[in-house]
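User: I am new to this structure and would like to go through it in questions and answers. Please show it before we start.

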Amino acid sequence: MAESKYAGFWLRFVAYIIDYIILYVINGFVIIPILAAVGLSIGAASEGFDFNTMTDGDIIAMGTAVMGALFAGGILMLIIHLLYYAIMESSKYQATVGKIALGLKVTDMNGNKLDIGKAALRQIGKIVSGLILLIGYIMAGFTEKKQALHDMIAGTLVVKK
């Protein structure tokens, strides 16, 4: 029996863990300064407040500032993730750092390099794969070409080099 050229669920999962660690560090350099700035601005705004006499409006304003910063940070993290995967998988390497480390690459159905649009579509498809209780990801362990739902959406394959 010939060995499959397609990368299965567990290889892809390990590559994801490597990429997650990299993105966690990158996100830290982006998000921590944002949260620090919000914390400092709230601290400056609250100087002179008597916390015992704060009104509900004061509390809501502070909470809104914090929630706004967290929302903006979440959007930034989403953009960073999308750009990382789309740029790396459409580059000459055809892979993220995690996939490179494991000898994998992402191709279209004909084995060609992805353009940035197809790579971005694949990343957007990952949202769908995750929203349905991660079943879209798990599918990679059971489909003939080891495709997850987002691979099917974008018409891509993850293969061993």
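Analyst: For counting charges, Lys and Arg count as positive and Asp and Glu as negative, while His and the chain ends are not counted. The place of a charge is taken as NZ of Lys, CZ of Arg, CG of Asp or CD of Glu. This is a predicted model, in which local features need pLDDT of at least 70 and side-chain atom pairs count only at pLDDT 80 or more, while totals for chains, interfaces and linings use all residues. Residues are numbered from 1 along each chain as its sequence is written, and side-chain values use heavy atoms, with hydrogens and water left out.

User: How far apart do the centres of the positive and negative side chains lie?

Analyst: The protein chain carries 13 positive and 11 negative side chains. Between the centres of these two sets the distance is 21 Å.

User: In what order do the helices and strands of the protein chain run?

Analyst: Helices (H or I, at least four residues) and strands (E, at least two) are DSSP runs, numbered from the N terminus. The protein chain has six helices and two strands. From the N terminus on, their order is α-α-α-β-α-α-α-β.

User: What radius of gyration does the protein chain have, set against a compact globule of 161 residues?

Analyst: The radius is taken over C-alpha atoms, and the globule rule is 2.2 Å times the number of residues to the power 0.38. For 161 residues, a compact globule would come out near 15 Å. Along the principal axes, the C-alpha atoms of the protein chain fill a box of roughly 75 × 30 × 25 Å. The radius of gyration of the protein chain is 21 Å.

User: Which elements each supply at least two residues of the largest nonpolar core?

Analyst: A nonpolar core is a set of buried Ala, Val, Leu, Ile, Met, Phe, Trp, Tyr and Cys residues joined through side-chain atoms within 4.5 Å. Buried means under 20% relative accessible area, exposed over 50% and partly exposed in between (1.4 Å probe, protein chains only). The largest core has eight residues: Ala7, Ala86, Leu104, Val106, Leu114, Ala119, Ala120 and Val158. At least two of them come from each of strand 1 (104–108) and helix 4 (116–131).

User: Which residues does alanine 86 contact, leaving aside its neighbours within four places in sequence?

Analyst: Contact means heavy atoms within 4.5 Å. Alanine 86 belongs to the largest nonpolar core. With those neighbours left aside, its contacts are Ile116, Ala119, Ala120 and Gln123.

User: Is serine 129 buried or exposed?

Analyst: Serine 129 is found in helix 4. Beyond four places in sequence, it is in contact with Leu134, Ile135, Gly136, Tyr137, Leu149 and His150. Because its relative accessibility is 0%, serine 129 counts as buried.

User: Is phenylalanine 29 buried or exposed?

Analyst: Phenylalanine 29 sits in helix 1 (residues 9–46). Its C-alpha atom and that of leucine 82, 53 residues apart along the chain, are separated by 17 Å. The relative accessibility of phenylalanine 29 is 68%, so it counts as exposed.

User: What relative accessibility does glutamine 94 have?

Analyst: Glutamine 94 lies in the loop between helix 2 (56–89) and helix 3 (97–101). Not counting residues up to four places away in sequence, glutamine 94 touches Met88, Glu89, Lys105, Val106, Thr107, Asn112 and Lys113. Glutamine 94 counts as buried because its relative accessibility is 11%.
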